[in-house]
Amino acid sequence: MALQSSVAARNAEADSWTTSVGNGAKVRLYSGTPPADVAAAITGTLLVEWTGGTPFAPAASGGALSPTLPTAVAASAAGTATHWRVYRSDGTTAVFQGTAGTSGTDMILDSATIASGVPTYITAWTMTPGGA
């Protein structure tokens, strides 16, 4: 049997992510193949960088964390968005990463086709700890 956790335990784990990230996180969107894990070197082209909320997210609910959606910013490069990574406010300490697109991904965008200079929006973003 796979490990299972209560909703309360998953909420606590997700809330610890907000603590780990801290205020003013850097949320970066990339093209290309996602790295194998958050410790691996980033791949692809940096398309957009947002500054995360303060706090990064409100309290987890239902075993999931929904980060505060950042304000749209103009993309710095063009490409097809495939993955994102969150860094502490120092911009160098990676905390977690996931997939990006318009459906079926961790982060939902208004469009996965990013044009340089055009505002890019995150329309939904939910992170769920394992063990459900």
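**Reading the labels in a predicted model**

In this predicted model, Pro55 sits in the loop that runs between strand 2 and strand 3 (73-74).

Me: What makes the peptide bond from Thr54 to Pro55 notable?
Reply: The bond from Thr54 to Pro55 is cis, with omega near 5 degrees, whereas most peptide bonds are trans.

Me: Why is the pairing of Glu49 and Arg28 called a salt bridge?
Reply: The N to O distance between the side chains of Glu49 and Arg28 is 2.5 Å, and the cut-off for an Arg nitrogen and a Glu carboxyl oxygen is 4 Å, so the pair qualifies. The structure holds one salt bridge, and this pair links distant parts of the chain, with Glu49 in strand 2 (residues 46-51) and Arg28 in strand 1 (residues 26-31), 21 residues apart.

Me: How do you know whether Arg28 and Glu49 are buried or partly exposed?
Reply: Arg28 has 15% relative accessibility and therefore counts as buried, since buried means under 20%. Glu49, at 36%, counts as partly exposed, because that class lies between 20% and 50%.

Me: Why is Arg10, in helix 1, said to have no salt bridge?
Reply: The nearest side chain of opposite charge to Arg10 is Glu13, 7.6 Å away, and a salt bridge requires a nitrogen within 4 Å of a carboxyl oxygen, so Arg10 has none. Arg10 is nevertheless buried, and, leaving aside its neighbours within four places in sequence, its contacts include Ser5, Gly62, Gly63 and Pro129.

Me: Which residues have the most contacts inside the largest nonpolar core?
Reply: They are Leu29, Phe56, Trp84, Val86, Met107 and Trp125, in a core of 26 residues. Among the elements that each supply at least two residues of this core are helix 1 (7-21) and strand 4 (79-87).

Terms used
Residues are numbered from 1 along each chain as its sequence is written. This is a predicted model: local features need pLDDT of at least 70, side-chain atom pairs count only at pLDDT 80 or more; totals for chains, interfaces and linings use all residues. Side-chain values use heavy atoms; hydrogens and water are left out. Helices (H or I, at least four residues) and strands (E, at least two) are DSSP runs, numbered from the N terminus. Buried means under 20% relative accessible area, exposed over 50%, partly exposed in between (1.4 Å probe, protein chains only). A nonpolar core is a set of buried Ala, Val, Leu, Ile, Met, Phe, Trp, Tyr and Cys residues joined through side-chain atoms within 4.5 Å. Lys and Arg count as positive and Asp and Glu as negative; His and the chain ends are not counted. Contact means heavy atoms within 4.5 Å.
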